[in-house]
Amino acid sequence: MIKKIFSALLLATSLVACTDDYTDWSAPQSNPQEDAVTFGNGSVAPVGTIDMAALADGQTLVQVCTITAPTASDEEYSAQYALTIDGTDIDMDANGNVKVADLKTYIESNYGKAPVERTLNAKVTMWVNNSIEAIKISSDEFQIKAKLDAPEIYPHLYLIGAPSEWKPTCTTLPFTRDESQSIYDNPVFTITVPVKEGETWFAFADDKTVETGEWSNVFGTREGNGKNYIGQTGFFARRSELPSECGDGSFMITVNGDAKYMKITVNVLEGTYLIEKINFAPFIYEIGNNTGWKTSNPLSGDGEGNYKGYCWMDGEYKFKPNGEVDKWDGDWEMVSDLGNNEFTFDANGNSNFPSLNGFYEMNIDLANMTAKMVEVKSITCVGNHNGWDKADAAQHMTYNKDAGCWELTTTLKDGFKFAMNDSWDVSWGGANGDPASYDNLTQNQGKDLNVPEGEGSYKVQLYLSCEGYNKVVLTKQ
């Protein structure tokens with residue numbers, strides 16, 4: 001049998017078997033945008049800037065270059081093309097067309113979603129075979145310029161209306177966003193504000209609204225004036241873009257003893273909103289490596305979304321709205337690390353909170369979705385027995401991880417308390433003004449404690465968890 005072969009295709013080369021061991025036929029080099037580049041004995045030329053905002057509705061293919069294909073003497077050959085960008089292959093046809101979705105995905109994955117012009121270093125790759133042998137032909141490197149289609153969005157969002165003022169220029173209630181990412185990579189804003197009984201009307205404004213001061217640039221609900229959804233996702237647009245039947249599209253929430261706050265989540269890239277009614281539960285919970293991810297530690301709330309608790313930390317952790325071990329619905333994970341053990345978080349965020357080791361005070365603000373972890377470096381048993389010296393190292397207690405308490409053996413008199421980190425900023429005493437209330441210590445407002453069996457030497461064991469769970473055990477020595 002006589003084996004058919006391809007022509008030299010301008011450059012002398014040897015054919016290889018149909019394996020991955022193909023040979024590049026041309027070395028890469030840089031060229032001005034509109035210059036044609038070598039492609040075997042053919043050529044490739046870019047087509048100018050590709051603006052995805054200018055593509056027709058429903059267009060699925062876009063031309064990124066024109067191709068003059070290399071020639072072959074074997075008329076029975078077949079060819080397959082790809083656009084190769086920095087080592088990534090995208091399927092392409094013989095006319096230099098690629099799928100709009102494929103090109104968009106590549107740009108978003110490597111450069112982000114911002115609608116700015118990107119310069120992509122590319123080659124055209126062609127695999128040619130005649131069912132017996134195959135070769136790979138790559139063009140010289142050329143540049144493609146492309147710009148994503150994205151809506152006009154701005155880096156700041158504000159809540160206007162009854163919670164603040166009905167002014168398009170009002171900026172007193174800004175939404176928050178993880179600003180470690182660009183607005184196009186993370187377009188989600190949140191805000192939590194108190195709500196009163198009855199109806200509360202409001203709207204959104206952005207930097208463009210504030211700059212122009214025009215009501216037409218205020219955002220309203222596409223569901224219609226006061227007809228926005230509560231607890232499910234809806235859509236919004238500038239008032240100038242709303243259908244006439246929507247009116248001005250102002251948002252409204254009705255409270256009838258069923259909420260103290262509302263939380264609003266807005267995705268400005270997708271044009272969606274979610275409004276949720278919030279009543280803060282009395283407790284939330286920490287769970288992590290410190291308990292083998294099996295049990296949880298409570299944090300008590302003040303009814304306004306602020307929670308505080310204490311526990312030994314030993315690795316990564318997260319917070320949950322419930323104390324059930326196997327129930328993870330709505331658990332809170334870290335979004336961003338603000339430094340100094342302060343974090344932002346959200347339901348199903350980016351990751352567990354980073355590892356800590358030691359005893360910590362946990363401070364959670366659910367209204368603003370922030371967490372602050374404060375290391376408890378010392379607990380002082382302070383009172384009449386040491387002249388009320390809150391920084392007395394001799395009265396520093398030692399944490400017993402096995403027993404889960406702070407311990408000290410010392411001589412006590414009537415009138416003592418416990419102070420954290422050598423300061424009166426955080427202290428514990430008798431609950432409800434009771435000097436004998438050992439089982440339910442109160443933070444910062446506690447009464448001076450008395451000793452149960454008179455002055456003497458006592459082993460003091462202080463158990464700290466959260467309000468309603470703090471206690472001291474005294475054992476006379």
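**Exercise 1. A lysine and its partner**

What relative accessible area does Lys167 have?

*Solution.* Before we start, this is a predicted model, where local features need pLDDT of at least 70, side-chain atom pairs count only at pLDDT 80 or more, and totals for chains, interfaces and linings use all residues. Residues are numbered from 1 along each chain as its sequence is written, and side-chain values use heavy atoms, with hydrogens and water left out.

Step 1: The relative accessible area of Lys167 is 42%. Step 2: Now compare that with the classes: buried is under 20% relative accessible area, exposed is over 50%, and partly exposed is in between (1.4 Å probe, protein chains only). Lys167 is therefore partly exposed.
Step 3: Look for a partner. Lys167 forms a salt bridge with Glu165, at 3.6 Å from N to O; the term stands for a side-chain nitrogen of Lys or Arg within 4 Å of a carboxyl oxygen of Asp or Glu. Step 4: Glu165 has a relative accessibility of 36%, so Glu165 is partly exposed too.

**Exercise 2. Salt bridges between strands**

How many salt bridges does a search of the whole structure find? Which parts does the pair of Arg238 and Asp206 tie together?

*Solution.* Step 1: The search finds ten salt bridges.
Step 2: One of them joins Arg238 to Asp206, with the closest N and O atoms 2.7 Å apart. Step 3: Asp206 belongs to strand E14 (residues 198-206) and Arg238 to strand E16 (residues 234-238), so the pair ties together parts that are 32 residues apart in sequence. Strands (E, at least two residues) are DSSP runs, numbered from the N terminus. Arg238 and Asp206 are both buried.
Step 4: Take another pair, Glu333 and Lys318, which meet at 2.8 Å, N to O. Glu333 sits in strand E23 (residues 332-339) and Lys318 in strand E22, so here the linked parts are 15 residues apart in sequence. Glu333 and Lys318 are both buried. Step 5: Shared partners join Lys318, Asp331 and Glu333 into one salt-bridge network.

**Exercise 3. Strand E25 and its neighbours**

Why is strand E25 described as largely enclosed by the rest of the structure? Which residue stands opposite Phe359?

*Solution.* Step 1: Strand E25 covers residues 353-365, and ten of its 13 residues are buried, so E25 is largely enclosed by the rest of the structure.
Step 2: Find the partners, remembering that two strands pair if DSSP finds at least two bridges between them. Eleven bridges connect E25 with strand E22 (residues 306-320) in the antiparallel sense. Trp312 is the residue opposite Phe359 in E25.
Step 3: E25 also runs antiparallel to strand E26 (residues 370-375), with six bridges. In this pairing, Asp365 stands opposite Thr370. Step 4: Four residues lie between the strands in the hairpin of E25 and E26, and Met369 has a positive phi near 55° there.

**Exercise 4. Rings that meet**

How many aromatic pairs does the structure hold? How are the rings of Phe319 and Phe353 arranged: stacked or edge-to-face?

*Solution.* Step 1: There are 25 aromatic pairs in the structure. The rings of Phe, Tyr and Trp (its six-membered ring) pair if their centres lie within 6.5 Å; planes under 30 degrees apart count as stacked, over 60 as edge-to-face and the rest as tilted.
Step 2: For Phe319 and Phe353 the centres are 5.3 Å apart and the planes stand at 80°, so the pair is edge-to-face. Step 3: Phe319 is in strand E22 and Phe353 in strand E25, so this pair ties together parts that are 34 residues apart in sequence. Phe319 and Phe353 are both buried.
Step 4: Phe416 and Phe418 also make an edge-to-face pair, with 5.9 Å from centre to centre and 90° between the planes. Both of these residues, Phe416 and Phe418, are buried.

**Exercise 5. The largest pocket**

What volume does the largest pocket have, and which residues are the closest to its centre?

*Solution.* Step 1: The largest pocket holds about 840 Å³ of space. Step 2: It is lined by 35 residues, and the closest to its centre are Lys263, Phe345, Asp346, Ala347 and Met369. On a 1 Å grid over the protein atoms alone, a pocket is an open set of points where a 1.4 Å probe fits, with protein on both sides within 12 Å along at least five of seven lines; lining residues have an atom within 4 Å of a point. Step 3: Strands that each supply at least two lining residues include E13 (188-194), E18 (261-267) and E24 (342-347).

Notes: Points joined across faces, edges and corners; volume = space filled by probe spheres on them.
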